[in-house]
Amino acid sequence: MGKKRLARAFKYLWLTVVSFISVFPFFWMIIGSTNRSIDVTRGKLTPGNYFMENLNTLLASDQGFLRSLLNSAVIAVLTTILALLISSLAGYGFEIFRSKARDRLFSVLLLSMMVPFSALMIPLYRFFGSLGKTPLKIIGLNTLPSVIIPTLSTAFLIFFFRQNTKSFPKDILEAARMDGLGELAIFFQIYFPTMKATYAAAAIITFMNSWNNYLWPLIALQTPDKRTVPLVISALGTSYTPDYGLIMTAIVIATLPTALVFFVMQKHFVAGMLGSVK
Amino acid sequence: MKAKRILAALLGGIMMLSMAACSNDGKNEGSSAGSSQAGEETADSLTIWAWDDTFNVAAAKTAIKYYAEKEPDVKVNVVSMAQDDIIQKLNAALSTGTYDGLPNITLIEDYRIQNFLTSYPGEIKELTGSVDPSKFADYKLKFMTDVDKIYGVPFDSGVTALFYRTDILEEAGYQEDDMEDLTWEKYIEIGKAVKEKTGKAMLTLDPSDIGQIRIMMQSAGEWYVKEDGETVNIKDNQALKDAVAIYKEMVDSGISKQVADWDSFVGAFQKGEVATVPSGCWIASSIRAAEDQNGKWAVAPIPRLGNNEKSVNSSNLGGASWYVLENVKGADTAVKFLAETFASNDDLMNDLVSEISLVSTLKSAGELENYKKENEFFGGQKVFEDFADWTEQIPAVNYGLHTYAVEDIMTEAVQSIVKGADMEKTLQNAQSQAEAAVG
């Protein structure tokens with residue numbers, strides 16, 4: 001009995017330490033946003049009352065923080081909806097429909113996960129740059145679509161959907177086909193509602209990736225009015241004398257949407273990562 | 001069977017990639033040559049890219065105000081971005097020859113400009129005739145001029161200085177006179193006394209940033225590369241060896257406090273944990289942010305290498321300059337803007353002293369009214385006049401193409417020497433690594 005209790009005490013102690021380590025950066029970030037820069041560098045750990053001042057400085061600066069929030073939101077929401085639609089169709093197709101080339105095609109697709117984005121960056125940049133001289137200018141460089149399009153279909157998401165489709169009961173498909181439902185209708189009316197947990201998990205991952213995406217928006221977007229949140233935060237950060245209070249405030253605000261999306265979908269997220277149909 | 005299939009796919013992928021790379025190269029040359037003739041010379045609006053809202057961006061805004069009085073028809077915008085972001089965007093755009101959205105004028109750090117000039121010939125506009133090089137401190141010209149051509153407008157001085165706490169040094173038994181004309185050897189001696197009597201560290205050192213070594217090396221007129229900007233100069237670089245030896249001594253003697261990043265570097269002196277800050281003059285604004293230390297600081301020239309005859313009590317850390325992009329519409333208008341503002345305007349420089357504590361590299365700046373003001377925070381010292389004087393004594397070196405590439409290798413080498421590795425052997429290794437990396 002005593003031994004068991006001791007083991008439990010250690011377990012909780014360990015969990016406390018680990019959760020402290022994971023939560024501390026967030027705590028530090030929130031505390032930092034309420035203090036002046038000099039208090040942040042001096043390591044002050046108690047809340048101050050400079051949050052409003054930091055917020056006002058942030059909104060008053062020429063960085064266009066509000067505008068960047070709007071841009072990020074538009075990009076992240078559109079990316080999430082479109083990427084989920086495209087990748088789930090592809091993942092579903094890969095698993096449900098049989099053909100000789102299927103697995104070969106799939107391994108090539110998986111190989112593309114190994115090509116780092118930095119290697120694709122210049123060709124992509126050149127491609128979108130060349131659209132600037134054509135009627136397709138509306139999706140060329142320095143437009144929001146130019147940020148959205150390259151991230152719509154990712155090998156990871158397709159793989160993720162295919163894996164989860166493996167546990168999707170195929171008998172339902174047969175039944176639906178027999179009742180005369182078309183393939184697209186089967187996808188939207190049967191597959192989609194069944195796989196909600198998978199969609200939720202994929203939505204969180206895609207939204208977070210898109211919201212935090214840095215490298216591609218950085219080079220694709222040129223004018224200040226198109227910038228996304230990570231770009232603005234990056235611009236705030238380099239300076240001989242950085243204003244840490246201001247940066248922390250910007251980061252706190254930038255973290256809110258992803259935190260919100262996560263907490264709303266948290267229940268589904270865990271289920272989705274474990275496999276949706278039990 | 002499966003392995004074979006994967007291998008085939010992999011090979012196919014590589015082939016496709018390399019084909020794409022080849023065709024890119026070909027097109028690149030064609031398109032950049034084509035558009036360099038097509039670029040229009042004047043424009044009624046200009047864009048400037050710069051980093052740091054409280055410094056460079058603020059300076060550009062003041063310059064715009066001055067220019068608006070002269071040329072109300074030309075609209076100039078400044079876009080604030082992180083320095084690394086500017087580099088990334090310029091590289092992407094210039095290497096593909098896509099000029100949409102590029103600025104007319106951009107700020108580039110002095111350590112990096114040679115790389116741009118060499119990698120993208122014809123992209124950065126020659127300013128000979130519009131900018132008079134003789135007006136600027138010599139050290140700023142070395143890396144942006146080619147024989148008698150000049151490619152940029154020098155901006156801020158990164159002149160180094162030894163900021164020190166008069167109260168802490170007094171406690172250790174040193175007066176202001178003792179801090180003038182120091183050698184690093186003497187500095188370490190003082191550091192030991194400070195440590196013993198006050199318990200405080202003399203300075204902070206960041207193992208991941210060896211700016212301190214760059215300061216010492218340039219004070220003797222040497223750099224990681226030789227005069228030509230390309231030949232790696234590590235194993236036979238006496239100034240570098242002296243600098244590394246001093247660095248090791250600073251660690252071994254226990255007078256330094258180790259910090260992990262910029263944040264804790266700034267935090268250390270703002271919390272009053274160190275007696276001195278040997279750094280670029282631009283750190284002054286961070287020092288002044290600790291208002292409770294008002295009047296407790298003074299500034300002396302940076303120490304020199306006692307063992308090295310060439311070393312002087314002046315060096316440089318950081319600093320940047322303005323450049324015009326040749327192939328972006330409005331290059332001539334941009335040149336005119338720079339010529340009227342940063343390249344000549346004393347009034348602008350005078351304003352920038354009070355607005356952003358700028359130490360200009362215009363030689364005439366030392367005569368300006370605001371430079372002669374006594375600074376209360378630094379005990380009434382005329383610090384800007386001192387900075388301006390020291391700026392003119394900075395030994396000129398060619399930063400060359402590879403400062404940061406070599407520095408990555410050197411950072412590691414310095415750490416192993418500090419831990420006890422043989423200096424000659426380690427530097428020999430670093431030399432071959434650097435040659436391989438930049439060759």
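Two residues are taken to be in contact if their C-beta atoms, placed from the backbone, lie within 7 Å. In this predicted model, contacts of chain A between residues at least 6 apart in sequence were sorted by separation, and 77% of them join residues at least 24 apart.

Chain A contains 14 helices and 0 strands. Read from the N terminus, its elements therefore follow the order α-α-α-α-α-α-α-α-α-α-α-α-α-α, in keeping with the DSSP runs from which helices and strands are assigned. The C-alpha trace of chain A spans about 75 × 70 × 30 Å along its principal axes. Of the 278 residues in chain A, 35% are buried. The mean pLDDT of chain A is 89, and 97% of the residues score at least 70. Among the elements of chain A, the lowest mean pLDDT, 85, belongs to helix α2 (residues 37-41), and the highest, 94, to helix α4 (residues 65-96).

Helix α4 of chain A includes A:S87. This residue, A:S87, has 23 C-beta neighbours inside 10 Å and therefore counts as buried, the cut-off being 20 or more. Apart from its neighbours within four places in sequence, A:S87 is in contact with A:S153, A:T154, A:L157, A:I158 and A:F161. For one of these partners, A:L157, the position along the chain is 70 residues from A:S87, while the C-alpha atoms of the two are separated by 5.9 Å.

The two chains also touch each other. The contact involves 37 residues of chain B and 33 residues of chain A. On the side of chain B that touches chain A, at least two residues each are supplied by α1 (2-38), β2 (75-80), α3 (83-96), α9 (262-270) and α10 (284-288). By class, the residues on this side of chain B comprise 15 nonpolar, 14 polar and 8 charged.

Within chain B, three helix pairs were examined. Two packed helices are described by the angle between their axes and the distance between the axes. The first pair considered joins helix α7 (residues 211-219) of chain B to helix α8 (residues 238-252) of chain B, whose axes come within 8 Å and cross at roughly 135°. Because this angle is neither over 145 degrees nor in the range from 65 to 115, α7(B) and α8(B) are oblique to each other. The crossing of α7(B) past α8(B) is right-handed. From α7(B), the residues B:Q212, B:I213, B:M216 and B:M217 take part, and they meet B:A239, B:L240, B:A243, B:V244, B:I246 and B:Y247 of α8(B). The contact of α7(B) with α8(B) consists of 9 nonpolar residues and 1 polar residue, with no charged ones.

Helix α8(B) also packs against α14(B), and here the axes come within 10 Å and cross at roughly 55°. The two helices, α8(B) and α14(B), are therefore oblique to each other, and their crossing is right-handed. On α8(B), the contact is made by B:V244, B:Y247, B:K248 and B:V251, and on α14(B) by B:V414, B:I417 and B:V418. In this contact of α8(B) with α14(B) there are 6 nonpolar residues, no polar residues and 1 charged residue.

The remaining pair is formed by helix α14 (residues 403-418) of chain B and helix α15 (residues 423-438) of chain B, with axes that come within 9 Å and cross at roughly 160°. An angle over 145 degrees counts as roughly antiparallel, and α14(B) and α15(B) are therefore roughly antiparallel to each other. Their crossing is right-handed. Residues B:A405, B:V406, B:I409, B:M410, B:A413, B:S416 and B:I417 in α14(B) meet a set in α15(B) made up of B:M423, B:T426, B:L427, B:A430, B:Q433, B:A434, B:A437 and B:V438. The contact of α14(B) with α15(B) has 12 nonpolar and 3 polar residues, and no charged residues.

Two aspartates in loops of chain B were also examined. Although not a glycine, B:D52 has a positive phi of about 75°. This residue, B:D52, is in the loop between β1 (45-50) and α2 (56-70) of chain B. With 25 C-beta neighbours inside 10 Å, B:D52 counts as buried. A positive phi, of about 55°, is also found for B:D181, which is not a glycine. The loop that holds B:D181 runs between α5 (166-171) and α6 (184-198) of chain B. Because B:D181 has 12 C-beta neighbours inside 10 Å, B:D181 counts as exposed.

Key
Residues numbered from 1 in each chain as written. Chains lettered and ligands numbered in written order. Predicted model: local features only at pLDDT ≥ 70, side-chain atom pairs only at ≥ 80, totals over all residues. Axes fitted to C-alpha atoms, helices over the stretch in contact; angles between N-to-C directions. Helix = DSSP H or I, 4+ residues; strand = E, 2+ residues; numbered from the N terminus. Parallel < 35°, antiparallel > 145°, perpendicular 65-115°, else oblique. Left-handed = near helix turned anticlockwise from the far one by under 90°. Nonpolar A, V, L, I, M, F, W, Y, C, P; charged D, E, K, R; others polar. pLDDT = per-residue confidence, 0-100.
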